[in-house]
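Grab your viewer and work through these exercises with the model open. Each one gives a task and then a stepwise solution.

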There are 2 protein chains.
Amino acid sequence: MNQMMANGTQTHTLSALVANKPGVLARIAQVFARRGFNIDSLVVSPTRDGNFSRMTMTALGDPSGLDQIIKQVNKLVDVIHCSDLTDQNIVVKELMLIKMRIEAELRTEVLQVAEHFGARSVDLTDESLTMMITGNSDKLDAYVELCKKYNIIELVRTGKVVMARGPKET
Amino acid sequence: MNQMMANGTQTHTLSALVANKPGVLARIAQVFARRGFNIDSLVVSPTRDGNFSRMTMTALGDPSGLDQIIKQVNKLVDVIHCSDLTDQNIVVKELMLIKMRIEAELRTEVLQVAEHFGARSVDLTDESLTMMITGNSDKLDAYVELCKKYNIIELVRTGKVVMARGPKET
């Protein structure tokens with residue numbers, strides 16, 4: 001699941017708990033931008049009580065640079081905590097919608113592949129098929145790879161959400 | 001799916017296509033923050049070719065204020081387009097992980113409820129159970145409501161991703 005590059009940089013998965021207020025996201029994004037780090041995927045959604053938001057980010061970069069970013073983010077007002085969950089014992093899931101141009105005669109073949117991946121159709125027309133699939137990023141990548149031989153109209157992924165295995169909080 | 005408030009404000013679903021570069025997210029978040037709008041949920045992930053990112057945001061606010069924000073976002077460098085998809089003919093999906101403190105004797109009951117919702121277990125210990133569920137926001141809300149009688153340890157949602165129905169691009 002972790003992409004390891006020749007120069008030692010790696011895809012990192014960060015999790016943060018922040019106050020659900022205007023401006024928090026802008027300040028966090030600024031910390032990354034100032035250091036020239038691109039946030040690859042980002043998921044922000046309110047926690048159960050609505051006062052806080054959970055952010056899950058993936059970023060590719062050298063570990064020492066990311067350490068600095070995490071330290072800075074932890075000092076921001078309205079950030080409760082931020083940590084690197086890479087290599088932790090976590091469940092990682094992602095959702096993808098993928099729309100393909102599929103004529104009726106190819107439909108059976110496409111649905112067979114889908115079944116193997118546990119993907120299911122969420123929209124169907126005479127010329128198109130939209131599938132929903134969930135799983136870890138590797139599985140989604142593999143499914144996209146197989147769909148490439150059809151005509152992919154568009155796809156959208158949620159980015160990763162993570163949760164610690166076992167009874168403890170993440 | 002759209003929360004309509006007494007004063008006419010409504011939860012809006014916005015979609016944007018942006019260049020996959022550092023700083024873009026910070027600038028967009030700034031536009032919302034300056035106008036005091038809180039982004040409720042946000043999903044950012046790279047498109048297929050990796051040069052662009054798709055952003056899906058939900059925000060609660062008066063429509064005229066949001067119109068202004070969309071206009072401003074559309075003027076930003078590195079923003080290809082941004083539009084309001086509320087009330088469009090779209091597929092809306094979300095993923096949630098929910099961890100509950102469940103002793104063995106309650107497990108059957110919890111799994112029965114899960115089956116009804118199409119949720120499935122992704123982590124299991126003697127004291128806890130983590131379920132994954134996908135669907136529209138109403139379905140996820142209903143599932144959380146039912147899980148409240150158990151001891152919810154934590155939950156995380158991806159926020160919405162959207163795709164236009166039919167063969168056309170969103």
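**Exercise 1.** In which sense do strand β2 of chain A and β2(B) pair, and over how many bridges?

*Solution.* A word on the setup first: this is a predicted model, where local features need pLDDT of at least 70, side-chain atom pairs count only at pLDDT 80 or more, and totals for chains, interfaces and linings use all residues. Residues are numbered from 1 along each chain as its sequence is written, chains are lettered from A and ligands numbered from 1 in the order in which they are written, and side-chain values use heavy atoms, with hydrogens and water left out.

Step 1: find residues 39-46 of chain A, which make up strand β2. Strands are DSSP runs of E, at least two residues, and helices are runs of H or I, at least four residues, numbered from the N terminus.
Step 2: check the pairing, which takes at least two DSSP bridges between two strands. Here β2(A) and β2(B) run antiparallel over three bridges.
Step 3: pick out one bridge: V44(A) is partnered by L42(B).

**Exercise 2.** Work out how much area the two chains bury and which residues of chain B supply the most.

*Solution.* Step 1: list the contacts (heavy atoms within 4.5 Å). You get 56 residues from chain B and 56 residues from chain A.
Step 2: take the buried area, meaning the accessible area (1.4 Å probe) lost on putting the two parts together, summed over both. That comes to about 5,000 Å², with 62% of it on carbon and sulfur atoms.
Step 3: rank the contributors. R48(B), M163(B) and P167(B) supply 13% of the area that chain B buries against chain A, more than any other three residues.

**Exercise 3.** Count the salt bridges between the chains, then find one within chain A.

*Solution.* Step 1: recall that side chains of opposite charge can pair when their charged atoms come close. The cut-off is a side-chain nitrogen of Lys or Arg within 4 Å of a carboxyl oxygen of Asp or Glu.
Step 2: count. There are 18 salt bridges over all chains, and four between chain B and chain A. One of those four joins E154(B) to R54(A), with the closest N and O atoms 2.9 Å apart.
Step 3: look inside chain A, where R157(A) bridges to E94(A) at 2.6 Å between the closest N and O atoms. This pair links distant parts of the chain, from strand β8 (residues 151-157) to strand β5 (residues 90-101), 63 residues apart.
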